[in-house]
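Here are a few short exercises to work through with the structure open beside you. Try each task before reading its solution.

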Amino acid sequence: QVQLVESGGGLVQPGGSLRLSCAASGSIFRLMIMGWFRQVPGKQRELVAQITSDSTTNYAASVKGRFTISRDNAKNTVYLQMNSLKPEDTAVYYCKAGPGEHWGRGTQVTVSS
């Protein structure tokens, strides 16, 4: 069983930055595909960014060039650096580990002046 704990969310002004962290339990973290998803009320959860075990990355078009996903296998942690934040980035951000369906509980990100 993989447990995921997100942190780093909060309130930030438009144009600001935040870094989310997701700490994972288990010894196979380095083999897992890690992803960040986000969800707003009334909408489906959407993929924001993904990183494979060999650090290949993939981004949603809406965040490409502004967000960066990375991983530290020594710390069993995946990060999401979010720059140039916009109000439409406001959502609950979830960490996911695969294969399988391992989810964290989410962290709220609010972009507002």
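**Exercise 1.** Find out why strand β9 (residues 91–98) can be called largely enclosed by the rest of the structure.

*Solution.* Please keep in mind that this is a predicted model. Start with the cut-off: a residue is buried when its relative accessible area is under 20%. Next, go along β9 residue by residue: seven of its eight residues are buried, so the rest of the structure largely encloses this strand. Y94 in β9 is a good one to check: its relative accessibility is 14%, so Y94 counts as buried.

**Exercise 2.** Work out which strands pair with β9, and in what sense.

*Solution.* Begin with strand β4 (residues 33–39): β4 and β9 run antiparallel and are joined by seven bridges. Within this pairing, look for F37, which stands opposite Y94. Then turn to strand β11 (residues 107–111), which is antiparallel to β9 and shares three bridges with it. Here T107 of β11 is the bridge partner of Y93. Finally, take strand β10 (residues 102–103), again antiparallel to β9, with two bridges. In that pairing you will find W103 opposite K96.

**Exercise 3.** Locate the residue with a positive phi in the hairpin of β9 and β10.

*Solution.* Three residues lie between the two strands of this hairpin. Check their backbone angles and stop at G100: its phi is positive, near 100 degrees.

**Exercise 4.** Find the aromatic pairs and say which residues they link into a cluster.

*Solution.* Ring centres must lie within 6.5 Å to pair, and the count comes to two aromatic pairs. One is F37 with W103, at 5.0 Å centre to centre and with 70 degrees between the planes. Planes over 60 degrees apart count as edge-to-face, and that is how F37 and W103 are arranged. This pair links distant parts of the chain, since F37 is in strand β4 and W103 in strand β10, 66 residues apart. F37 counts as buried because its relative accessibility is 17%, whereas W103, at 29%, counts as partly exposed. Another pair is Y94 with W103, also edge-to-face, with 6.4 Å between centres and 85 degrees between planes. Put together, the ring pairs make a cluster of F37, Y94 and W103.

**Exercise 5.** Identify which arginines lie over the face of W103 and of F29.

*Solution.* Go first to W103: R45 lies over its face, 4.6 Å from the ring centre. Then move to F29, where R71 lies over the ring face at 4.7 Å from the centre.

Terms used:
Residues are numbered from 1 along each chain as its sequence is written. This is a predicted model: local features need pLDDT of at least 70, side-chain atom pairs count only at pLDDT 80 or more; totals for chains, interfaces and linings use all residues. Side-chain values use heavy atoms; hydrogens and water are left out. Buried means under 20% relative accessible area, exposed over 50%, partly exposed in between (1.4 Å probe, protein chains only). Helices (H or I, at least four residues) and strands (E, at least two) are DSSP runs, numbered from the N terminus. Two strands pair if DSSP finds at least two bridges between them. Rings of Phe, Tyr and Trp (its six-membered ring) pair if their centres lie within 6.5 Å; planes under 30 degrees apart count as stacked, over 60 as edge-to-face and the rest as tilted. A charge sits over a ring if NZ of Lys or CZ of Arg is within 6 Å of the ring centre and within 35 degrees of the ring normal.
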